[in-house]
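Consider how the cysteines of a chain may be read as a set of links between parts that stand apart in its sequence. The paragraphs below take up that reading step by step.

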Amino acid sequence: MNGKAPSPPPASPPTAKHPCAVHPTPASDTEVRGDAGGGSSGVRDEEKGKQQAGDEEGAGDPHPEDVEEAGCLARVSGCLTLGLEDFFERHGRRVASSPRLVVVSCLALTALCSAGLLTFTKENRPYKLWLPQESEFIKVMDWQVHNFPTDYRRHVAVWEADNVLRADVVKEMWRLHSRVSSLMVGPNHTSWSDLCARVPTMPGLDDALPDYDYEDFDYGVLGGKRRRRRRRQASAVVTDMSREDLSLSLPREQYCDSLSTLPKVCLETGLLEVWGHREEVIMALTDEQVVADLNAAHISQVFGYQSNFTRYLGSVTHDAEGRIVGAGAALQVWVSALDRAAVGDGEAVIDHGSGELVDAVGYAWEQTWVEAVLNTSARLPQDMRVFAQAASSFGTVSDENIWGDVKWLVVGMVAMSIFVNGTLGRRNLVQQRPLLAFMGMTSVMQAVGISYGLCSLLGVPYCTVNSILPILLLGLGVDDMFVIMAAWEAGAGKDLKERAGHAMRHAGVAITVTSLTDVTAFAVGATTALPALRSFCLYASMGILAVFVMQSTFFVAWLVMDERRLQQHRNGLMWCVTHRDWNPNACSQWDLMPAAFRQWCRLLLSTPFRVLVLLFTGCLVACSVWAATNLHREFDPTWFIPTSSYLHNTFRATTRHFPETGQEGYIYFSNVTLPEELPELNRLVDALVESRVVTEVNAWFTTLREYMALQSKFDNTTLTYAILQDTLSLFLQSSSGASYRQDFAIDGALDCRRPAPPIISFRIGITHRPATSPAAQEAALHTIRTLLDEVPVGGFRAAWAQAYGVWETNEVVGEELLRNVLSAGATVGVVTLVLLASLPAALLVLGAVIATVAGVGGTMWVWGLTIDTVSCIAIVLSIGLSVDYAAHVAHAFLAAREAGSRRARAREAVLNVGGAVLLGGLSTMLSFVVLVASTSHVFITFFKVFMAASVLGLYYGLVFLPVVLSFIGPKPYPAPPRPEKLPPQHYSNDAFTPDAPRSPA
C-alpha cells in the first residue's frame, strides 16, 4: 500500500449498547459531497487529505470530550434517524432491483391522484381570496347580496383633450354613441337597446316644470354617489321642492295616472344630453355653441329632468364671470341592466373584479364595448383620447395579466431544464444525462398533478396566486435531485443495488429534513384566516410532499437505469446508440466545483476573513432589521392592473382630472320599528355628519321630513305607521324621493295609489373622507362601527362599503403575517431540533432563518414593496426556502466526526454539501429571474422576495453559518455502536504486519 496514509484509530466505542442510543450514521461511511454537478467521487484523495492536514489547525483525532454524549434528545432522535437511514437504504436497494416497476407504479399513482382534477374549482372572487371569511365585511356583504342585490352595471368612457368643450370632441362622442348603439353580441344579436337600463323620461316639459336634479335619480339607480341635501332655510326648501315635484301640485290620482304613461329610455348620460341625442344638431355645432349651450343648459333634453352637467367634467376652467370656458376631461356613461333570469338559468359568468355572477350575453357585450371604445381612441387625432372602463374591466384585466404572464414561468422552467442538464452529467456523449434531467423535471410535474388533484378532491379551491407553485416545486425538486446525485457520485464503484442503498441512506435523510420542515411550515401556514394564503399553503404542502416521494422513487429509478446505460457506454440522449471503445476526453472530466470550494474554504475559514464575516453580518442584520421595521401595511387592488393595460391609462386619466372625493358606502338597517325610532336615526345622521370620517350623509327620512313639511295636512300631526306608509308610497314615486327607491327592501310592490308594503330593511348613503393610510382607514372603520353600536335602535344594523374590503385586509394582513411567520418559525425550529438532534445546531439554523427573513423584509422596503396578501405569501415561502440552505450545512457539520476541530468540521461540511446547496440556490434564482419581465404585481413580488431569499439564504448558509460553527459549533454526533471484537489492528505502510495496539490515552 505504497503512498497510503496510515488510518487513524477509531474513537472509543460508546458505552450504550442499544442502537438507538447514539446517532446512527456510520463513521466509516463516506460523507455526501455537494459536487454532484460534476459527478466527482466523494472519497477524499491523498493530495486533498494532505492539504486538509496542513490547512486546518487542530485537524486530527477527535478527543472524547469533542463527541456529544448520548442524551435523551440524541437517543430519541437517533432512534428515529437510524430507522430512516435503514429504511432509505432498503428502499434504494428495492428501487434498484425493479426500476421499471417503480416507474410504472409512480405513473399510475400520478394518474390516480390527478383524477381529482375532475372536481377542480378555481376561485377568482377577490373577497373570497383576500379577506377572512369571518370578517365583518363578508358578513354584511352576504346580507347585502340577499337584501339589496345589484341589478345595474356602469361603463364609463373618459374623454381627454386640451379642451373637451370643442365641437370636434362632441362630434366624436356622438360617433361613439352611434357605434355602441349598433353593437350586437351573441347568437340572438343582442344590442344595446336590449341590455340597457331604462328610466322614465318627461320630454317636452317647460324648463320651469319640473326643475328636478336628475343627478340624484341617475346615481340612485347606479347605487353610486348621491349628494346629501344640505340643511337649507325653510322657505328655500318649500320653494325648490314645490317647483321640482309634481306630486305636490297635482291630485294624487292624476299624478299616479301620469306615471303609467311615462316613456322609458336607455340610461346613457353625459354631455350629449345637452343636445338631446339629436344628430343634426350635434353635427352642426361650433366651438362657441358648445360652450354657450353647456353654460345655459340645466335640463336634460333626453330625460326631461334638471341636471348639473358640470359633474361630467374634469379639470374645469372658468372665466372672470364664472362661466365654464374649458375642461380637460369629460365622462360618457352607459348603464346596463343585469339579466337575473339568465343568471338563474345558469347562463352566467363570474366577474372576477366584483365576484358577482353576470349574465353571459351582458358580459360579452361589455368586452365588445371596450373594444369599440379603444378602436375609437386609436382613430382619434393626437390631441384627443378616450379611455374605457367597463364594469368587468378590473377583473378581466387583472386575471388576464396574471395568466398572460404564465409564459414567463414556462421560460423559467426551460432555463431550469437547461441548467439541470448541464450540471447533472459531464460534457461527452456517454456521461451526459439529458434524459435523466428531463425525467427529474417530469417527476416535479407529476408532483404538481398529484398536488392539484388531491387538493381538488378535498375541495380546496385554486386561486391565481397558485400559478407560481409549479416553478417553486421545480426549484425544490431540483435541489433534491442535486442532493441525491451528490450521494450517488460518492458511492462510485459499488454495485448498483449497493450504490442506490448507500446514496439513499445519506440523501434520503437529508431531503427528509428539508422536505419535512417545508411541509410542516406550509401546513401550519394553512391555518391562516386569509383564504388565498390557505389555498396556496395547502397546495404547496401537498406538492412538496409529492416532490419528495417522486424524487426518492421515480427519479432514483431513472437514475439507476441511466447508470446502467452509462456502464454499457450507450449515448446519453439516444439510449439505443452504443459507443464502442469509448474513452472520456480529458476536458469532460475536468470539474471546477470541488477545486473552487476547496479554495473558498481556505479563504472563508481563515481567521481574518472569519472576523470580517462576523462584522459584516452584524451590520447586515442591523440594517435588515431597521429596514424591515419601515415596512408598512398597504394593499391596493389597482396594483393588479399592469401599467401597459388600457385600464391603467383610464385610472391615470381619472385621477388626473377627477380628484378623489372619498369612499362611498351604506349603513343598513333591518327590523327597525318605524316611525318610533326615527328620532334616534336622525341623531345618528347628526353624529355621522359631525364625525371627522364622514363628509356626506344621504338619508331618505331626512328628505321625507322636508317633503312632508310642504304639505299642510301634516301640520300638527303625529307621525304614525299608517301615515308613514301612505306618504312613503307617493314619496318614492315622486321626483323628490325616486332616488331613494333602491334604498328599500319591501314586502311587495309599490303602488302609487296605496300605502307602501311593510319595510323589511333600508339603507342610508354615506361618503367617507379620503383615507389613504391604514391608520386612517382603521380609525374610520372604528368610528363608524362605534357610532352604530351606540345608536339605540333595534334589529340589524351594519355599515358596508366596497373600500371596507381593502381596509379590513390592511387591518388583518399584518397580524396574519406575524402569526404565520412565528408559527412557521416555531415549526421549523421544532422539526429541525428533532431531526438534527442538537439544540445548539437547531438554534443556529433558526437564527439563520430569522436573519434571512429579516433581510427579505428589509429588501422589500428598499424595493418599494409593502405588506399585503401577496408579499405575506411570499415571506412565508421564504422561510421554507431559507431553512433548506442552513439545515444541510448544519447536518453535515454534525455528521463530520473524524475531521477533528470545529474549523475542520466546518470545512468538511461545506465541501460535502456546499455544491448541492449552491446549485439548488442558483437553480431557484434562475427559475425566478425571468419574472423580472412580468407586469403582474403577483409575479414581480415573488421575483423580488425569492431573489432576496435565495441570495441571503445562500449567504447565511454557506458563509455565515460555517464561520459561526467554526467558533461555537456543537459537538459531532457520537459514533455508532460496534459489535464487541478484538482491539483494532493498525498496519504500517510497508508491510501487513500488525502493529501493537495503542495504549489508552
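What follows is a walk through the disulfides of this predicted model, and then through two further cysteines.

With a disulfide taken as a pair of cysteine sulfur atoms within 2.5 Å, the count comes to two. When the bonded cysteines are counted along the chain, their pairing follows the pattern 1-3, 2-4.

One of these links is formed by Cys-196 and Cys-266, whose sulfur atoms are 1.9 Å apart, and with a value of -55° about the S-S bond this link is left-handed. Because Cys-196 lies in the loop between α7 (192–195) and β4 (198–200), while Cys-266 belongs to strand β5 (residues 264–266), the pair ties together parts that are 70 residues apart in sequence. Cys-196 is buried, with a relative accessible area of 7%, and Cys-266, at 17% relative accessibility, counts as buried too, the cut-off being under 20%.

A disulfide also joins Cys-256 to Cys-752, with an S to S distance of 1.9 Å; the torsion about its S-S bond is about -65°, so this disulfide is left-handed. Since Cys-256 sits in helix α10 (residues 252–260) and Cys-752 in the loop between β14 (744–746) and β15 (759–768), the pair ties together parts that are 496 residues apart in sequence. Cys-256 is buried at a relative accessible area of 4%, and Cys-752 is buried at 5%.

Two further cysteines can be set beside these pairs. Cys-455 is buried, with a relative accessible area of 2%, whereas Cys-576, at 70% relative accessibility, counts as exposed.

Key
Residues are numbered from 1 along each chain as its sequence is written. This is a predicted model: local features need pLDDT of at least 70, side-chain atom pairs count only at pLDDT 80 or more; totals for chains, interfaces and linings use all residues. Side-chain values use heavy atoms; hydrogens and water are left out. Helices (H or I, at least four residues) and strands (E, at least two) are DSSP runs, numbered from the N terminus. Buried means under 20% relative accessible area, exposed over 50%, partly exposed in between (1.4 Å probe, protein chains only).
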